[in-house]
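Please open the model in your viewer and keep the selection box handy. We will go from the overall view to single residues, one stop at a time.

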Amino acid sequence: MAVNQTLERQLSEDGYGQMIRALNQLHCAGETDFYSNAPLRPCEERLFDRYGRNTRILDAGCGAGRVAKAITARGGQILGVDINQAAIDVARQTCPDAAFVCASMTDLPLPDESFDQVWCLRFSFNALPTLAERIGALAELWRVCAPGGCVLVEAFNWHYRGPVRPGAAREHARPMVAAAALAR
């Protein structure tokens, strides 16, 4: 029974990983205009107004620079990181007042404790297909967050496991929260 469960998990992670990586490439290629020019959502405006002013912000999974463009227009200091080079190229063109780095959020080429706010908004965290990658990313996000800072991760698909069943999110949240606490 345990072997079947392990195989099922590997297959679902592998399948989800292949699907999400392909989707990321297509998504960026087809929607760079929207994702480089769309305004902040009302919740993101409140986030910046409450916590982002006069702070160093990391936008992990920045895509084409939508958040960076809006934050720099408001006078904020932000660095965007994304694994998709095409998205970074668009971000650099549409938002020359921010800095961008092409890297994975599981291996950030940034100094420890270098940001007051670390934001991973919209679909970015969901693009990490495996639990191991998500735990690794959380550890990295906390590593670059300064003492007293905040790591905010917006996630809606903790890990694909087929049909949603009651309690599934809690099962996956526990090890990630524990890993994030240990990483801090």
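Two strands are said to pair if DSSP finds at least two bridges between them. Keep that in mind for a first selection: strand β1 (residues 56-60) and β2 pair in the parallel sense, over 5 bridges. While you are there, pick out Ala60, which stands opposite Val81 in β2.

**The whole chain**

Now zoom out and colour by confidence, since this is a predicted model. The protein chain has a mean pLDDT of 77, with 65% of its residues reaching 70 or more. Where is confidence lowest and where is it highest? Helix α6 (residues 168-183) is at the bottom with a mean of 42, and strand β3 (residues 99-102) is at the top with 97. Select residues 162-184 as well: pLDDT is below 50 over this stretch, which has 24 contacts in the model beyond near neighbours in sequence.

Switch to a cartoon view and you should find 6 helices and 5 strands. Followed along the sequence, their pattern reads α-α-β-α-β-α-β-β-α-β-α. Of the 184 residues in the protein chain, 45% are buried. If you display contacts between residues at least 6 apart in sequence, 67% of them join residues at least 24 apart.

**The sheet**

Select the strands together. They form an open sheet of 5 strands in the order β3-β2-β1-β4-β5, with parallel pairing. Which strands stand at the edges? These are β3 and β5; each has a single partner strand, so one side of each is left without a neighbour in the sheet. Turn the view to look along the sheet, and you can follow a twist that averages 20° from one strand to the next.

Go to the β3 side next. Strand β2 (residues 77-82) pairs with β3 in the parallel sense over 4 bridges. Show Asp82 here, and you will find Cys102 of β3 opposite. Add helix α4 (residues 85-94) to the selection: together, β2, α4 and β3 make a right-handed β-α-β unit.

**The other edge**

Move across to β4 and β5, which run parallel and are joined by 5 bridges. Trp119 has Leu152 in β5 as its bridge partner. Between these two strands the chain crosses through α5, and this β-α-β crossover is right-handed too.

Select that helix by itself, α5 (residues 131-143). How far apart should its ends be? At 1.5 Å a residue, its 13 residues should span 18 Å, and the end C-alpha atoms are indeed 18 Å apart, which agrees. Now show its side chains: Leu131, Arg134, Ala137, Leu138, Glu140, Leu141 and Trp142 are buried in α5.

Stay at this edge and centre on Cys150, in strand β5 (residues 145-153). Is Cys150 buried, exposed or partly exposed? With a relative accessibility of 32%, Cys150 counts as partly exposed, because that category lies between the buried limit of 20% and the exposed limit of 50%. Leaving aside neighbours within four places in sequence, Cys150 is in contact with Asp116, Gln117, Val118 and Cys145. Draw a distance line from the C-alpha atom of Cys150 to that of Trp119: the two are 31 residues apart along the chain and separated by 8.2 Å.

**Helices across the sheet**

Add helix α2 (residues 42-52), which lies across β1, β4 (115-120) and β5. Compare directions and you will see α2 running at about 165° to β4. Then add helix α3 (residues 66-73), lying across β1, β2, β3 and β4 and running at about 175° to β2.

**Two loop residues to finish**

For the last stops, bring up the backbone torsions. Most residues other than glycine have a negative phi. Select Asn54, in the loop between α2 and β1. Asn54 is not a glycine, yet has a positive phi of about 60°. Asn54 is also exposed, with a relative accessible area of 83%.

The second stop is Glu113, in the loop between β3 and β4. Here too phi is positive, at about 55°, although Glu113 is not a glycine. Glu113 is partly exposed, with a relative accessible area of 43%.

Conventions. Residues numbered from 1 in each chain as written. Predicted model: local features only at pLDDT ≥ 70, side-chain atom pairs only at ≥ 80, totals over all residues. Heavy atoms only, no water. pLDDT = per-residue confidence, 0-100. Contact = heavy atoms within 4.5 Å. Buried < 20%, exposed > 50% of the residue type's maximum accessible area, 1.4 Å probe, protein only. Right-handed = clockwise from strand over helix to strand, strands pointing away. Expected span 1.5 Å × (residues − 1). Axes fitted to C-alpha atoms, helices over the stretch in contact; angles between N-to-C directions.
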